[in-house]
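Q: I have a structure open in front of me and would like to learn how to read it. Can we go through it feature by feature?

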Amino acid sequence: MGKAERVKKEIIGVIGGIASGKSTVLSILQGDFSYRILRMDELAKALYQEEAVLREIKKLLPASVFTKEGALSFSRLRTLLFTEPERKKHLEELIHPLVFQEVSKEIEQVRLLREKLAVETALPNQDFLSQCDLIFYLDASEETRCKRLIESRGLEKEEAFQIIHSQSVKRFKEQAQLVINTEESIERVRDEICQYFQRL
Ligand SMILES: CC(C)(COP(=O)(O)OP(=O)(O)OC[C@H]1O[C@@H](n2cnc3c(N)ncnc32)[C@H](O)[C@@H]1O)[C@@H](O)C(=O)NCCC(=O)NCCS
Ligand SMILES: Nc1ncnc2c1ncn2[C@@H]1O[C@H](COP(=O)(O)OP(=O)(O)OP(=O)(O)O)[C@@H](O)[C@H]1O
């Protein structure tokens, strides 16, 4: 690439498996580099609360995952998704396109306003990645991530490994412009991001 050509870095996709440090990197991008931030899981969870979506979800899931008040119980849903892969597939077929649609809208808006946005997800798809200017892949061993899940989320070891193994984000690692080893301290991670931006 010629020196005069500016490397675009308005939209950053921050990808990595569960507890790989995505939210931590998002906080760094927000606090130190003024990026707006978006968490795909939060978008999914917000959708679960929308009446029209909830009506559709109720057709796909058993009554046992809803509270007496009719809200979706996240912890019961998490357990159900592991035991019933068919239901997981159907739920994802409903929710994921809606999430990616919202992300695309947000990206479009940010580009119009010439702002900067960092989006985190453990479940990227190719279409989303192609909308990013840069992709950061966060790497940490399964053991470290498991330990973090036990310490910070109170998960049992077995459930932590189950979630880790159910995700297949690693296949996207080769598309990343920057692979960050989050076994390093948060300070080192911050320095690495800073140095990367300086090199651009
Ligand atoms: C299953 C849910 C309700 C559980 O919520 P809860 O608050 O208990 O867990 P939390 O959000 O902290 O989950 C942490 C991480 O585990 C992952 N995860 C949770 N359950 C599963 C599962 N069955 N399979 C794969 N990953 C899972 C989530 O994606 C997230 O990265 C929640 O994780 C969720 O809605 N997941 C769907 C994620 C999704 O569809 N994201 C949108 C990408 S397009
Ligand atoms: N570089 C790091 N060094 C030490 N601890 C870290 C580092 N990065 C993240 N952590 C810790 O690991 C835990 C998980 O990090 P974080 O929430 O950022 O991961 P995540 O990928 O966003 O997780 P999830 O997929 O569940 O949303 C947190 O307790 C966080 O403080």
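**Reading the model step by step**

A: Begin with one residue and its contacts. Leaving aside its neighbours within four places in sequence, Ala19 is in contact with Arg145, Arg148 and Leu149. Keep in mind that this is a predicted model.

Q: Where does Ala19 lie?
A: Ala19 sits in the loop between β1 and α1.

Q: Is Ala19 buried or exposed?
A: Count the C-beta atoms around its own. A residue is buried if 20 or more others lie within 10 Å. Ala19 counts as buried because it has 27 C-beta neighbours inside 10 Å.

Q: Which residues does the UniProt annotation "binding site" cover?
A: According to the unreviewed UniProt entry, the "binding site" covers Ala19, Ser20, Gly21, Lys22, Ser23 and Thr24. Take Gly21 as a second example. Gly21 is in the loop between β1 and α1. Gly21 has 26 C-beta neighbours inside 10 Å, so it counts as buried. Not counting residues up to four places away in sequence, Gly21 touches Gly16, Leu138, Ala140, Thr182 and Val189.

Q: Which residues come nearest to ligand 2?
A: To read a ligand site, list the residues around the ligand. Ligand 2 has 16 residues around it, and Gly21, Lys22, Ser23, Thr24 and Ser152 come nearest. Next, ask which elements they come from. Those giving two or more residues to this shell are α1, α7 (142–153) and α9 (186–199). With three residues, α1 gives the most.

Q: How many residues of each class does the shell around ligand 2 have?
A: There are eight polar, five nonpolar and three charged residues in the shell around ligand 2.

Q: Which residues are closest to ligand 1?
A: Use the same steps. Ligand 1 is surrounded by 20 residues, and the closest are Ala44, Phe74, Arg78, Leu81 and Val99. Two or more residues of this shell come from each of α2 (40–47), α4 (74–83), α5 (85–112) and α8 (157–166). The largest share, six residues, belongs to α4. By class, the shell around ligand 1 has twelve nonpolar, five polar and three charged residues.

Q: What do nonpolar side chains tend to do in soluble globular proteins?
A: In such proteins they tend to be buried together. Now the case here. The largest nonpolar core has 26 residues. Ile12, Val14, Val25, Ala118 and Phe136 have the most contacts inside this core. The elements giving two or more residues to this core are β1 (11–15), α1 (22–33), α5, β3 (117–121) and β4 (134–139). A second, separate core has five residues, including Ala19, Cys146, Leu149 and Ala160.

Q: Which residues does Phe136 touch?
A: Skip the residues up to four places away in sequence. Phe136 then touches Ile12, Val14, Val25, Ala176, Leu178 and Ile180.

Q: What sign does phi have in most residues other than glycine?
A: Most of them have a negative phi. Two residues here have a positive one. Phi of Ser34 is near 60 degrees. Ser34 is in the loop between α1 and β2 (36–39). Ser34 is exposed because 9 other C-beta atoms lie within 10 Å, and the cut-off for exposed is 12 or fewer. Arg114 has a positive phi of about 55 degrees, although it is not a glycine. Arg114 is found in the loop between α5 and β3. With 7 other C-beta atoms within 10 Å, Arg114 is exposed too.

Q: Which residue, 29 residues away along the chain, has its C-alpha atom 8.6 Å from that of Lys45?
A: Check distance in space as well as in sequence. The residue is Phe74. Lys45 itself lies in helix α2. Lys45 counts as partly exposed because it has 14 C-beta neighbours inside 10 Å. Ser104, in helix α5, gives another such pair. The C-alpha atoms of Ser104 and Asp127 are separated by 9.4 Å, and these residues are 23 residues apart along the chain. Ser104 has 13 C-beta neighbours inside 10 Å, so it counts as partly exposed.

Q: What confidence values does the prediction carry?
A: Look at the protein, then at the complex. The mean pLDDT of the protein is 94. Of its residues, 98% reach 70 or more. For the complex, the predictor gives an ipTM of 0.88 and a pTM of 0.93.

Notes:
Residues numbered from 1 in each chain as written. Chains lettered and ligands numbered in written order. Predicted model: local features only at pLDDT ≥ 70, side-chain atom pairs only at ≥ 80, totals over all residues. Near = placed C-beta within 6 Å. Helix = DSSP H or I, 4+ residues; strand = E, 2+ residues; numbered from the N terminus. Nonpolar A, V, L, I, M, F, W, Y, C, P; charged D, E, K, R; others polar. Core = buried A, V, L, I, M, F, W, Y, C linked by C-beta atoms within 7 Å. Contact = placed C-beta atoms within 7 Å. pLDDT = per-residue confidence, 0-100. UniProt positions renumbered as here; feature names shortened; annotations may be inferred.
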